[in-house]
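Hi everyone, thanks for coming. I'd like to walk you through one model today, so let's bring it up on the screen.

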Amino acid sequence: MKGTIPLLRLGSTIVATIHTELRDKVAQDFQDDMLTELELRGANALVIDISGLETVDTYVARVLAETGRMAKLMGARTVLVGMRPEIAATLVRMGYAMDGIQTALNLEEGLTLLRRRRREMP
Amino acid sequence: MDHRRYMKVLKLDDAEIASRRAFFELTDADLSRLAALRPFAEKYTDAIVDRFYDLLLSHVETKRFFPDEATVRRVKKLQRDYFLGLFAGKCDAAYVEDRLRVGTAHERIGLSPRWYLGAYRKYMQLIAEHLLDNLKDDAMVRQAFESVQKIVYFDASIAIDTYIAAKMDALERHQAAIRELSTPVIRVHDRILLLPLIGAIDSHRADQIMDSVLLKVSEAQARCIIIDIAGVPIVDTKVADNLVKTTAAVRLLGAEVILTGITAQVARTIIQLGVDISTMHTLSRLSEGIELALTFVDKAIRRQPRRRSGQRAGASSPKTGGKPA
C-alpha cells in the first residue's frame, strides 16, 4: 500500500476508514490501493467509512462515487457508511445525491447489509 | 425581562447614553438648570401630579389601570418620585436604569405607548403653566422649558425602545416555540421515527424540516422515518421537491423515508405537477407506513390469536401476517 488511507480486510470485505480529506494524491493512492487489493485478494465488497469526515464537497463526493463505480467493474459492491447529517444536507442542496451508491448508518449496519445481500444472491 | 436585561438588549452603556444626550442636545448646562429648578418642582409636585391623574382617571381606557383608591395613592407616590427625578440634574447610567424600570413596568401592565405619550404631553403643559406663573422673565421660562423638553424627550426615547424590545422579545419567543412545534419528530418504535407535518410549508420551514429530519435520524440511528403529510393543506412543487430532497439526503445517511398521508387530491397534484417521486416509498395511510417501516427492522404486526373459553388458543385464529420478505 502506498496511500495514507488504511484498508482493512474482513473476510471477503475491504473496509476503508477515511479521516483525511481526499485531495488529489490521497484520492489517487486510495483508489489505486483499493483496486490492487481487489485484484490480488479477490474481495467482493468494499465499505467506505466517512464518519470521520467533517466536510465533503462535490469533488470528494465524486471521488467516492467514482471509487464505487471502479469497484463495481471489478465485481465488488460498495457501501458508503457514516455520513454526517449536515454533509447529507449540503450535498443534496447542491444537487449531488450520489445516485446509485448504497449507504448505511454506520460500519456495523454496512456489514450487515452486505451479509444480507450475499445471502440473497450467493 | 427585567429592566437590567433591557439595559443589555438596548445596549444602553455609557457610550450610548452619551450619544443620545448629544443628539437630544441635553448638555451639562441643561442638567444644572434642571437641578436649579428642583425647589420649584418640589413645591408643585403634588399639584401637577394630581392634575396629571385627573386626565388619566377621566379617560375610560386609562382609568382601568387604576381600579381603586389604594392603587391611585400608590402610583401617585411613584409618580411624584418620577417627576422629581426629572429635576435631579443627573443623566447617567443610574438615571437611565431608573427610567427603564418605569418603562418596563408600563409595558408589563400593558399600558400602550399612546397613553404614555399622551400623558407626557399633559406633563409638559402643566410644567409650562407653572413655569410661566413662577418665573417672571420670559427668556428664563423659555430656557427652563427647553431643558425640561430635552430630558422628557430623552426619557420618552428610552420608554419607546423598551416597548419595542419587549415586543421583539415576545416575537422571538413565539418564533422559537413555532420552530420547535413545526418539526415534531417522534420515536414510534425501535429505530423508527415519525414526523407528522401539519400546516403550510414555506421554504424556510422546508429547510428546517430537512435539517431536523437528518439530525434526528442520525441521533437515533434510525432505519427509517415516516413523514406523514395528511395535515399539509397544499402540496405544491416546492413542497414536493423538498420531500424528494429530504428523501435523497436521508438515503445518504443510510436510512429510508416513507411518505404517508397522501390524499387523492395530493396524488393528483403531484402527478399533474410532474414531480418525480418514484424514488420514495409512498402510501396513503399512516398505518400502512408503520407496517412498511417495521419490515425495515425485520418486524411485523401480527394478529393476536383470539382466545375463547373451551377452545385452544390460536385454534381458530385468522391468518397471521407472515414474516415480511
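Before we look at any details, a word on confidence, since this is a predicted model. Chain B has a mean pLDDT of 87, with 94% of its residues at 70 or more. For the model as a whole, the scores are ipTM 0.82 and pTM 0.63.

There is one stretch to treat with care: across residues 313-325 of chain B, pLDDT stays under 50, and the model has 18 contacts for that stretch beyond four places in sequence. Where pLDDT is low, we shouldn't read the predicted coordinates in detail.

Now to the sheet in chain B. Five strands make up an open, mixed sheet, ordered β1-β2-β3-β4-β5. Which strands stand at the edges? Those are β1 (186-189) and β5 (281-282) of chain B; each has a single partner strand, so one side of each has no neighbour in the sheet.

Moving inward, β2 (residues 192-198) and β3 (residues 224-231) of chain B run parallel and are joined by six bridges. If you'd like a spot to zoom in on, find B:Ile198, which sits opposite B:Gly231 in β3(B).

Lying across β3 and β4 (256-260) of chain B is helix α11 (residues 237-253) of the same chain, at about 150 degrees to β4(B).

Keep α11(B) in mind as we turn to the contact between the chains. Chain B brings 14 residues to that contact and chain A brings 15 residues. On chain B's side, α10 (203-220) and α11 each supply at least two residues, and α11(B) gives the largest share, six residues. By class, that side of chain B has eight nonpolar, three polar and three charged residues.

That's my tour, and I'm happy to take questions!

Key: Residues are numbered from 1 along each chain as its sequence is written. Chains are lettered from A and ligands numbered from 1 in the order in which they are written. This is a predicted model: local features need pLDDT of at least 70, side-chain atom pairs count only at pLDDT 80 or more; totals for chains, interfaces and linings use all residues. Two strands pair if DSSP finds at least two bridges between them. Helices (H or I, at least four residues) and strands (E, at least two) are DSSP runs, numbered from the N terminus. Two residues are in contact if their C-beta atoms, placed from the backbone, lie within 7 Å. Axes are lines fitted to C-alpha atoms, for helices over the stretch in contact, and angles run from 0 to 180 degrees between N-to-C directions. pLDDT is the predictor's confidence in each residue, from 0 to 100. Ala, Val, Leu, Ile, Met, Phe, Trp, Tyr, Cys and Pro count as nonpolar, Asp, Glu, Lys and Arg as charged, and the others, Gly among them, as polar.
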